[in-house]
Amino acid sequence: MKTNEQSLKNLGDADLEHHGKLRAFENFFEQQFARLRLPGLVFFLVVTVFLGYFAAQLRPDASLQKMVPASHPYIVNYLKYENELRPLGNVIRVAVENTRGEIYDREFLETLKKITDEVFYIPGVDRGAMKSLWTPNVMWIEVVEEGLTAGQIIPQSFDGSPAAVDNVRTNVARSGIVGTLVASDQRSAIVLAPLLEVDPQTGDRIDYGKLSERLEELVRDKYQNDGIRIHITGFAKVVGDLIDGAKAIGVFFAVTLVLTILVLWLYSRCWRSTFATVFCCSLAVIWQLGIVRLLGFGLDPYSILVPFLTFAIGVSHAVQNISTMASERVQGRSAIDAAKATFRVLFIPGTIALLCDAVGFSTLLVIDIGVIRELAISASIGVAVIIFTKMFLLPLLMSYLDVSEAGLRRQRQRMGSSYQWARTLSCFAEPRMAWVAVGLSAVIFVVGFTMSRDLKIGDLDPGAPELRVDSRYNKDNAYIASHYATSPDVFVVMVTTPKGECGSYPVAATVDQFQWEMENLPGVESSSSLFSSMKKVLAGQNGGDMRWQAITRNRFSSNAAHRMLPTELYNSECSMVPVMIFLQDHKAETLSTVVTAVERFAAEHNDQNIRFELAAGNAGIEAATNMVIKQSEPLMLFLVYGIVALLVLWEFKSWRVTVCIMLPLYITSILCEGIMAKLGLGVKVATLPVIALGIGIGVDYGIYIYNKMEYYLEQGFALKAAYFETLKTTGVAVALTGVMLALGVATWIFSDIKFQADMGLLLTFMFLWNMFGAVIMIPALSAILLKPDARQRPQPGLNGQEASLSSELSP
């Protein structure tokens, strides 16, 4: 057999024809390797210190606008009326429960006042729009002989006496707030706190993490006891709990680090190689975080997972370096020459594989949601720095550290083994077994496709699906949903009119009809608007006669009623009226039903005098998010498959090889969608990136396997023999690559944050299944698709041992 040096030269000549400038750069670095070693290490040290300084400045960063598709028409409409809609959008609900009885108790009411004051002074709260039984903007109205009279629910003269407490009970009954601010069983009351996106005192965006901490410290921890139970819900609280849960990410990273070190040592039996690998991959994480900070990004609950991916991808690729370096040293090369040979063998396939990883991340940029785009940018940066640390720094370090004697002994044992497992797997390169493998894959594809047809867009669970069902937040949300008539899932439609016409009869009649149609939809509990309250006022102005509880054509009567209603029911110009639709849940099917009905009604009734514009409220924002995901998913998948396929085609110059590498990825992604459907996971902000990441990273296996197999085919091996040799030299490393990637994300499964656990489970599945798919499907598809002369070539120049091996393995 030709020497390894001559073989590498032949491989270089072949690649030179295909890769031109890339190979020229590789040759330049290899020639200058000895001179670049020390300056290279100094360069990496300086950059690490510089970026490490900025990485240490990273802070949690999350906002409502980053979590939603800001350019979607629904969100644009919402932001146009953000100030008017604030009490209906980003709000915090603090339900204060009296566990010993009803709220009409002096001690309880005094506690409620203290909690109201605590929330009032929390930075970020819109104090003018805040509501509680103690705030002056919550009034009761009553019809008396003289007309209408009104007052504050808890007057300033409240002294806690039994008579005063009874008066509060009476005021609550005639205010109509039971079911909204007071529970239906009257055992709890809500403090409603709309939030500002920017703190007017500092000009900084509200830190949801600190806001959540203040709510816990100043409200729950301070006032919750045997008699008082606190329930807190709202978007900001969800984000705050996500940030709080993400603090455990450091523990998961430590566990991942320990497991990685253990597996790498068990594979290599060389502490030097293990240290160098972990060190280089840790530097990649520091670089990635530092660059992210320089770009002005922070850490949100989604991008905080990127360092895991960066580390896992780096380690998985570095396994190839460990294997190749040990192999070259066993064959007698010096540490420097072995490091140079490792760089030469892995530079092009490794770079192409990492570019495919970057493509998987970058295609997420087509999704117009801030947190996903930041995740895409952050992860692409992580892959870019891996190219530097893994391709350049690791060979430089290994040229100094070398492979230990224990590592060399382990490599000799591996090279001297019988490789029975490789002989077994190489049978899939025979046409007969290849058809069996392809047939089984077709069955798996059909099963996965059938299951994936049940896959839904959006959330499928009540409450906050980002958190576990038994989380504190979801328990609080379940309490409020079951004890209050107004659901926490609110879909808001903005009805716009010419200035001053929001209370006119044509508008009132159309909105009244709209509310009636909405309330008869499945999944809708009730609705409310300016005209719902106006009907009650009109009845009150007419002696409380229920026959007057209707809209009126009399403009003087409607204007009089209009002036008595709170300004949150219309804007200052009287050109917009919000209609609140309270939903049973925010599941994708419920939102789709409401959106379809609203858009149909708008298409039939919109004209120059009235327009129904969607959408605000947490349910409206979620509906817009679902629509963006549904529209973006096909484009994202097309781009990730298309660009990765083009990179593979550019690397191997064969559409047949491209099909061999890409088809297993497609089967895995379809099967992943089927599993998502069976697990009750919808396609949403948390799960959509999984498929793109699985494809981009999963292609690494195929590139490494076929790159090595192509080398043996060019040396004259038959397909089965070439695959056997590939498994001997690269197969173990590829399997370990899958294990390392899976280890990097498997710890997420134990996160308190459900979407992190879901991503960890799905990515672990995709990384491992892609590895199995590549090992089984690539030789099988090659046996069927490659031309006969590529599957079975003459083998000139082989010595007796190789000829015997080829004869033994040939079909």
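# Aromatic pairs, sheets and backbone features

F235 has a relative accessibility of 25% and therefore counts as partly exposed, since that value falls between the limits for buried and exposed residues. The model described here is a predicted one, and F235 offers a way into its aromatic contacts, because the ring of this residue is paired with that of Y208, with the two centres 5.8 Å apart and the two planes at 85°, an edge-to-face arrangement. The partner, Y208, counts as buried at 1% relative accessibility.

## Aromatic contacts

The structure holds 21 aromatic pairs. In the pair already introduced, the planes of Y208 and F235 meet at 85°, so the arrangement is edge-to-face. Because Y208 belongs to helix α9 (residues 208-223) and F235 to helix α10 (residues 235-246), this pair ties together parts of the protein that are 27 residues apart in sequence. A further edge-to-face pair is made by Y712 and F717, whose ring centres are 5.5 Å apart and whose planes stand at 80°. In this second pair Y712 counts as buried at 6% relative accessibility, and F717 is likewise buried, with a relative accessible area of 2%.

Aromatic residues also gather in a group, for F445, F449, Y641 and Y666 form one aromatic cluster. Two tryptophan rings take part in contacts with charged side chains: the charged end of K113 sits over the ring of W134 at 5.7 Å from its centre, while the charged end of R174 sits over the ring of W140 at 3.5 Å from its centre.

## Overall architecture

The protein has 30 helices and nine strands, and buried residues make up 59% of its 811 residues. Among contacts between residues at least 6 apart in sequence, 80% join residues that are at least 24 apart. The accessible surface comes to about 32,500 Å², and 58% of it belongs to carbon and sulfur atoms.

## The four-stranded sheet and its helices

Four strands form an open sheet in the order β7-β8-β6-β9, with antiparallel pairing. Its edges are β7 (524-528) and β9 (611-616), each of which pairs on one side only, and neighbouring strands of the sheet are turned against each other by 25° on average when direction is ignored. Within the sheet, strand β6 (residues 490-496) pairs with strand β8 (residues 576-583) in the antiparallel sense over seven bridges, and M494 has P578 in β8 as its bridge partner.

Two helices are placed against these strands. Helix α23 (residues 588-605) lies across β6, β7, β8 and β9, running at about 160° to β9. Helix α24 (residues 617-652) packs on the sheet as well, where it touches β6, β8 and β9, and its direction makes about 90° with that of β6. The edge strand β9 also contains A615, which is joined to L614 by a cis peptide bond with omega of about -10°.

## Strand β1 and its neighbours

Strand β1 (residues 91-98) is largely enclosed by the rest of the structure, because eight of its eight residues are buried. In a regular strand the side chains alternate between the two faces of the sheet. Both faces of β1 are covered, with V91, R93, A95 and E97 buried on one side and I92, V94, V96 and N98 buried on the other.

β1 pairs in the antiparallel sense with strand β4 (residues 188-194) over seven bridges, and V94 stands opposite V191 in β4. β1 also pairs in the antiparallel sense with strand β5 (residues 228-233), in this case over six bridges, with R93 standing opposite T233 in β5. T233 is, in turn, among the contacts of N477, which, when neighbours within four places in sequence are left aside, is in contact with T233, G463 and P488. N477 itself lies in helix α19 (residues 472-483).

## Backbone features in loops

Q186 has a positive phi of about 60° although it is not a glycine, and its place is in the loop between α8 (162-175) and β4. C574, also a residue other than glycine, has a positive phi near 55°, and it is found in the loop between α22 (555-563) and β8. The table sets out the accessibility of these two residues together with that of N477.

| Residue | Relative accessibility | Class |
|---|---|---|
| N477 | 11% | buried |
| C574 | 13% | buried |
| Q186 | 21% | partly exposed |

Key:
Residues are numbered from 1 along each chain as its sequence is written. This is a predicted model: local features need pLDDT of at least 70, side-chain atom pairs count only at pLDDT 80 or more; totals for chains, interfaces and linings use all residues. Side-chain values use heavy atoms; hydrogens and water are left out. Rings of Phe, Tyr and Trp (its six-membered ring) pair if their centres lie within 6.5 Å; planes under 30 degrees apart count as stacked, over 60 as edge-to-face and the rest as tilted. Buried means under 20% relative accessible area, exposed over 50%, partly exposed in between (1.4 Å probe, protein chains only). A charge sits over a ring if NZ of Lys or CZ of Arg is within 6 Å of the ring centre and within 35 degrees of the ring normal. Contact means heavy atoms within 4.5 Å. Accessible areas come from the Shrake-Rupley method with a 1.4 Å probe; for residues, only the protein chains shown count as cover. Two strands pair if DSSP finds at least two bridges between them. Axes are lines fitted to C-alpha atoms, for helices over the stretch in contact, and angles run from 0 to 180 degrees between N-to-C directions.
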